Amino acid sequence: MKKIEIIIRPFKTDDVKKALTDLDIKGMTVSEVKGFGRQRGHKEVYRGAEYQVDFVSKVKIEVVVDDAQVKQVVDTVVAAARTGQIGDGKIFVVPVEETIRIRTGETGVAAI
Amino acid sequence: MNAADTAFILIAAALVMFMTPGLALFYAGLVRAKNVLATIMHSFFLLGLISVLWAVGGYSLAFGPDIGGLIGGLNFAFLNDVGVEGNGPVNNIPHLAFMAFQMMFAVITPALISGAFAERIKFSSYAVFSGLWLILVYSPMAHWVWGGGWMAKMGALDFAGGAVVHMSSGAAALAAAMVLGARSGYGKQSFMPHNLPMTLTGMGILWFGWFGFNAGSALAANGLAANAFVTTHLAASAACLGWLIIEKLHAGHPTTLGAASGALAGLVAITPAAGYVTPMASLLIGFIGGFVCYGGVLLKSKLKYDDALDVVGIHGLGGTWGALATGLFATKAVNSAGADGLFYGNPAQFGIQLVSVLATWVFCFGASYILFKFVDMVMGLRPSPDDEAKGLDITQHSESGYQL
């Protein structure tokens with residue numbers, strides 16, 4: 001099993017969610033995060049005082065999939081999330097040691 | 001007694017009361033989320049504390065029979081002789097109505113000071129300071145200007161509180177910034193307003209309430225009140241534009257906070273002048289007030305004092321400009337009980353205003369400085385650095401503004 005951590009532009013959330021559910025991905029976890037890579041932040045001004053805001057708002061989507069699905073999921077997400085501008089985001093593929101469904105106690109791929 | 005006047009003054013008093021929660025929201029939106037409740041409390045609590053102190057003795061010290069031009073006697077303590085008859089300082093409305101109207105001014109003035117010490121004061125110390133400030137600074141000032149004291153006898157014009165409310169709190173704010181020192185992390189961390197929609201809501205309430213503050217100071221439902229209403233509104237409008245123009249030129253963008261701050265600067269500036277100047281003069285007073293107060297806000301970073309919410313820049317300097325502008329633009333054509341200013345052939349009035357400005361700053365700054373030092377010595381003003389970092393809401397009030 002692999003966890004796919006996807007960091008994308010907030011306005012792309014619905015597109016990526018739709019792309020994933022179209023692939024029959026059964027669940028995902030979404031959080032609002034801040035960060036930066038090569039994308040610069042922006043300036044805010046309050047009563048003449050300038051503030052440099054480095055962290056940019058992003059959305060993080062986490063899905064856990066069977067190893068066999070990883071490539072298809074990654075390609076689909078890239079297609080849905082890419083704009084071609086700096087700040088499109090990143091995808092990390094991370095191994096998952098175990099998955100448990102709390103309600104039934106199932107483990108492994110069946111619990112995804 | 002006059003029924004229309006009575007109705008108007010009671011409503012005006014309610015409008016001014018509304019300005020205190022309005023101020024609470026205005027300030028609270030400008031601080032960090034961890035201090036939002038404490039900042040609201042700095043205004044809201046005074047509705048409790050100052051109202052009681054005012055009724056018990058503050059009113060009498062301000063408006064009781066004059067003693068040596070300096071203070072009122074305690075004849076009206078516990079509202080003795082302050083009743084339903086029209087035998088107060090003005091006889092067209094019940095004495096209680098006059099007292100109530102003045103009470104709302106007394107409540108909001110120390111609340112203004114809280115902008116300077118926001119995010120770094122202990123609640124107990126702020127409460128003790130504010131109570132003492134009412135008795136030792138506000139009541140004397142109110143007496144000097146409105147209660148028949150020496151500034152009134154000298155002929156100083158202050159229609160609704162440029163000196164009593166704005167310069168006094170501005171001077172106290174400067175003392176606060178100096179005695180308390182800067183917020184931890186000031187200059188290194190960025191302290192951005194956490195909720196500007198809240199600030200703008202508060203500003204809307206303040207603008208609305210100001211009609212009671214200035215027009216109500218005519219103490220009658222008459223043409224003078226209408227003049228004050230219009231000058232108040234036009235000064236706010238012109239100042240809003242003035243601030244946005246200079247902000248666009250100087251900083252590159254017109255901001256929402258700038259629009260609110262500009263309007264506020266105009267309202268502050270017109271406060272002493274509202275019932276003495278013409279509407280066209282108020283446009284100019286407001287417009288220039290926007291520039292003056294914008295500069296006042298920048299002054300803070302030049303002189304490196306942490307007046308967190310710009311009380312000195314807006315209330316101190318705005319009130320000063322307004323008091324001096326009164327000496328320029330006042331005309332008996334608007335208010336025969338007033339005087340003519342410099343532009344109407346009477347330069348002496350400008351001199352009188354200047355004296356009242358200087359005396360106000362010296363007294364209010366000096367007395368406030370001493371009071372802050374005194375409270376600091378007795379009980380400490382600032383929370384511990386740890387408590388300041390955790391935030392005043394949790395450490396002073398065991399509350400969180402937002403459960404997100």
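Begin at the interface of this predicted model: select the 12 residues of chain B that are in contact with 7 residues of chain A. On the chain B side of this interface, display helices α9 (256-270) and α10 (279-303), the elements that each contribute two or more residues to the surface touching chain A. Of these, α10(B) supplies the largest share, with 3 residues. Colour the chain B side by residue class, and it divides into 6 nonpolar, 5 polar and 1 charged.

Next, turn to chain A and its sheet. Four elements should be selected here: 4 strands form an open sheet in the order β2-β5-β1-β6, with antiparallel pairing. Strands of a sheet pair through backbone hydrogen bonds, either parallel or antiparallel. To find the borders of the sheet in chain A, select β2 (29-35) and β6 (89-95), the edge strands, each of which pairs on one side only. Viewed from strand to strand, the twist averages 25 degrees.

Now isolate two strands of chain A, β1 (residues 2-8) and β5 (residues 56-65). These strands run antiparallel and are joined by 7 bridges. To inspect a single position in this pairing, select A:E5 and then A:E62, its bridge partner in β5(A).

Finally, add helix α2 (residues 70-81) of chain A to the view. Which strands does this helix touch as it packs on the sheet? The contacts are with β1, β5 and β6 of chain A. Looking along β1(A), compare the two directions: that of helix α2 makes about 5 degrees with that of the strand.

Notes:
Residues numbered from 1 in each chain as written. Chains lettered and ligands numbered in written order. Predicted model: local features only at pLDDT ≥ 70, side-chain atom pairs only at ≥ 80, totals over all residues. Nonpolar A, V, L, I, M, F, W, Y, C, P; charged D, E, K, R; others polar. Pairing = 2+ DSSP bridges. Axes fitted to C-alpha atoms, helices over the stretch in contact; angles between N-to-C directions.
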